[in-house]
Amino acid sequence: MNAALKKIESAAGEPMVRIRGLRKAFGDHVVLNGIDFDVLPSQVVVVIGPSGSGKSTFLRCCNGLEQPQGGQIDICGRTLVRDGTMLSEAELNALREEVGMVFQSFNLFPHLSVLDNVTVGPRMLRKLSRAAAETEAHALLAKVGLAHKASAMPASLSGGQKQRVAIARALAMHPRVMLFDEPTSALDPELVGEVLQVMKVLAAEGMTMMVVTHEMDFAREVGDVVVVMDGGGIIEAGPPETIFTAPTQERTRSFLQAVLTRT
């Protein structure tokens, strides 16, 4: 583990997410090759790296959307997977109430209004009454700047608005950890900022977050730890100022040079 991360861990206590020896392959193609990593409470971990480096698979393993063949993931005080054995479906559903996930493709229910998209989870899984769920939902929609869109249908929303609804929907389950899988990659450039601003607010409020992104400014400004992945492994991890100004690995330097030149 990176020495800076060890220092942070020793100062901050037990990890919210603990990953040891994580391995995942699709057939003969090894996607994750023995990842060890911790995420501490209220920490924002930003995962960057070239396409195909295993970033999204890494994130999807953390809430059971992908089943690794080896290693162990402990999250929110539960062992999600150990040596290829995962929680039961019922246990997974219970865990996902504590681990929210926001995808790049929004995944809203097209036949439900914005308000119903946000309330469906709390009503079905948390067993809230409609009135209580709607009260919470209105507050969350105001939080993401969409109080005026409660009755709108997803088809009438911009991409940025859809993603903010998706964030509100995830927050409605009162998660302890939020996972973001390239949440702005499907958006037009002018809509990226409104989604990132909501994420910055969550970070400032102390939400534990793991974010896979190509937004280097967000990684530099908001991340507590930046993780650089390549070839299915973590090649470097540390504070943003270290990763962006004095990386120790040549692969990190070449990746950042390519990405920052492009932007």
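At what angle do helix α4 and helix α6 pack, and how many Å apart are their axes? In this predicted model, α4 (residues 114–124) and α6 (residues 159–171) pack at an angle of about 25°, and their axes are 8 Å apart. With the cut-off for roughly parallel set at angles under 35 degrees, α4 therefore comes out roughly parallel to α6. The crossing of α4 past α6 is right-handed. On the α4 side, the contact is made by Val114, Asn117 and Val118, and on the α6 side by Val165, Ala168 and Arg169. Sorted by character, the residues of this contact are four nonpolar, one polar and one charged.

Helix α4 also packs against α5 (130–143). Here the axes come within 9 Å and cross at roughly 125°, which means that α4 is oblique to α5. This crossing, too, is right-handed. From α4, the contact draws on Val114, Leu115, Asp116, Val118, Thr119, Pro122 and Arg123. Facing them from α5 are Arg130, Ala133, Glu134, Ala137, His138 and Leu141. The tally for the contact of α4 with α5 is seven nonpolar, two polar and four charged.

So much for the pairings; next comes burial along α4. Val114, Leu115, Asn117, Val118, Thr119, Gly121 and Pro122 of this helix are buried, and what covers the buried residues includes both α5 and α6. Val114 and Val118 turn up in the contact with α6 and also in the one with α5.

Leu141 of α5 ties this region to the nonpolar interior. Neighbours within four places in sequence aside, Leu141 is in contact with Val114, Leu115 and Val118, along with Leu146, Ala147, Ala150 and Ala168. Leu141 is also one of the residues with the most contacts inside the largest nonpolar core, a set of 49 residues. The others on that list are Ile48, Ile167, Met178, Phe180, Met199 and Met209. As for where this core comes from, its largest share, eight residues, is supplied by helix α7 (residues 189–204). There is also a second, separate core of 34 residues, with Leu22, Ile75, Leu95 and Met101 among them.

Moving on to individual residues, Thr208 sits in strand β9 (residues 208–212). Its relative accessibility is 3%, so Thr208 counts as buried. Residues up to four places away in sequence are not counted in what follows: Thr208 touches Met16, the run Val39, Leu40, Pro41, Ser42 and Gln43, and also Arg176, Val177 and Met178. Of these, Met178 is listed with the residues that have the most contacts inside the largest nonpolar core.

Two loop residues are worth a look for their backbone angles. Phe106 has a positive phi of about 75° although it is not a glycine. Phe106 is found in the loop between β7 (99–102) and α4, and its relative accessible area is 14%, so Phe106 is buried. Glu182 also takes a positive phi, near 45°, and is likewise a residue other than glycine. Glu182 lies in the loop between β8 (177–181) and α7. With a relative accessibility of 13%, Glu182 therefore counts as buried.

Methods: Residues numbered from 1 in each chain as written. Predicted model: local features only at pLDDT ≥ 70, side-chain atom pairs only at ≥ 80, totals over all residues. Heavy atoms only, no water. Axes fitted to C-alpha atoms, helices over the stretch in contact; angles between N-to-C directions. Helix = DSSP H or I, 4+ residues; strand = E, 2+ residues; numbered from the N terminus. Parallel < 35°, antiparallel > 145°, perpendicular 65-115°, else oblique. Left-handed = near helix turned anticlockwise from the far one by under 90°. Contact = heavy atoms within 4.5 Å. Nonpolar A, V, L, I, M, F, W, Y, C, P; charged D, E, K, R; others polar. Core = buried A, V, L, I, M, F, W, Y, C linked by side-chain atoms within 4.5 Å. Buried < 20%, exposed > 50% of the residue type's maximum accessible area, 1.4 Å probe, protein only.
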